[in-house]
Amino acid sequence: MARVAVFLGARDAKRDLFKERVYQLGRVIAEAGVELVYGGSNTGLMRNLADAALAAGGTVRGVTVGALADKEAPHARLTELFRVETMHERKAKMAEMADAFIIYPGGVGTLEEFFEVYTWARLGFHSKPIGLLNIDGYYDPLLELLDRSVAEGFMDQAGRDLLICESEPQTLLMRLKLS
């Protein structure tokens, strides 16, 4: 069974659109028969994603960091929960388990996770597809920056082309070849 790692925040978004789409994403992943791997939290958008996948009968595996347990208590109903010591171990475990990555709109932690798996792909450490779920143009400024990086010669077009960008969860899952 295919697995997708979703990187997203443990906070609630201010606009309902992001909460609605995270529920949609969790449901679409489960209905496609794809296992969800995520940060394991029972707070914010992370909780919403896991709840949606579980409600749709999906398999959900979480990877939590021991030091975050007070701030981000682990979800109690996961199929499986892995505990690691550091954030780096969390990303490495999620990457090891995943066949593809989805980057949901989020803050600096989500961006850091994105750039790490993207850099690993650019360096040839993995060849797993990376998808940006670009809800309401959230990632447009990032995509413009990456395009400028190509234009200025800081990266090549092949590196830029590694990213799959879609605004709808179902379309993104299909383009990642997971449904």
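This report describes the overall fold, the sheet, two helices that lie across it, and the largest pocket of a predicted model.

## Overall shape

The protein chain contains seven helices and seven strands. Read from the N terminus, its elements follow the order β-α-β-α-β-β-α-β-α-β-α-α-β-α.

For 179 residues, a compact globule would be expected to have a radius of gyration near 16 Å; the protein chain has 15 Å, so the value agrees with that expectation. Along the principal axes, the C-alpha atoms fill a box of roughly 45 × 35 × 30 Å.

## The sheet

Strands of a sheet pair through backbone hydrogen bonds, in either a parallel or an antiparallel sense. Here, seven strands form an open sheet in the order S4-S3-S2-S1-S5-S6-S7, and the pairing is parallel. The edges are strand S4 (80-84) and strand S7 (163-166); each has a single partner strand, so one side of each has no neighbour in the sheet. From one strand to the next, the twist averages 25°.

One of the pairs in this order joins S1 and S5. Strand S1 (residues 3-7) and strand S5 (residues 100-103) are parallel and share four bridges. Within S5, Ile103 is the residue opposite Phe7.

## Helices across the sheet

H3 lies across S1, strand S2 (35-38), strand S3 (60-65), S4 and S5. The angle between H3 and S3 is about 160°.

H4 lies across S1, S5, strand S6 (130-133) and S7. H4 runs at about 150° to S6. S1 and S5 are thus named for H3 and again for H4.

## The largest pocket

Rolling a probe the size of a water molecule over the atoms shows where empty space is left. The largest pocket has a volume of about 580 Å³. Its lining is made up of 24 residues, and those nearest the centre are Gly9, Ala10, Arg11, Gly106 and Gly107.

Three elements give two or more residues to this lining: helix H2 (44-55), helix H3 (87-97) and helix H4 (108-122). H4 supplies the largest share, with four residues. H3 and H4, described above as lying across the sheet, therefore also help to line the largest pocket. Sorted by class, the lining comprises 11 nonpolar, six polar and seven charged residues.

Methods:
Residues numbered from 1 in each chain as written. Predicted model: local features only at pLDDT ≥ 70, side-chain atom pairs only at ≥ 80, totals over all residues. Heavy atoms only, no water. 1 Å grid on protein atoms, 1.4 Å probe; cavity = no way out; pocket = protein on both sides within 12 Å on 5 of 7 lines; lining within 4 Å. Points joined across faces, edges and corners; volume = space filled by probe spheres on them. Nonpolar A, V, L, I, M, F, W, Y, C, P; charged D, E, K, R; others polar. Pairing = 2+ DSSP bridges. Axes fitted to C-alpha atoms, helices over the stretch in contact; angles between N-to-C directions. Contact = heavy atoms within 4.5 Å. Rg over C-alpha atoms; globule rule 2.2 N^0.38 Å.
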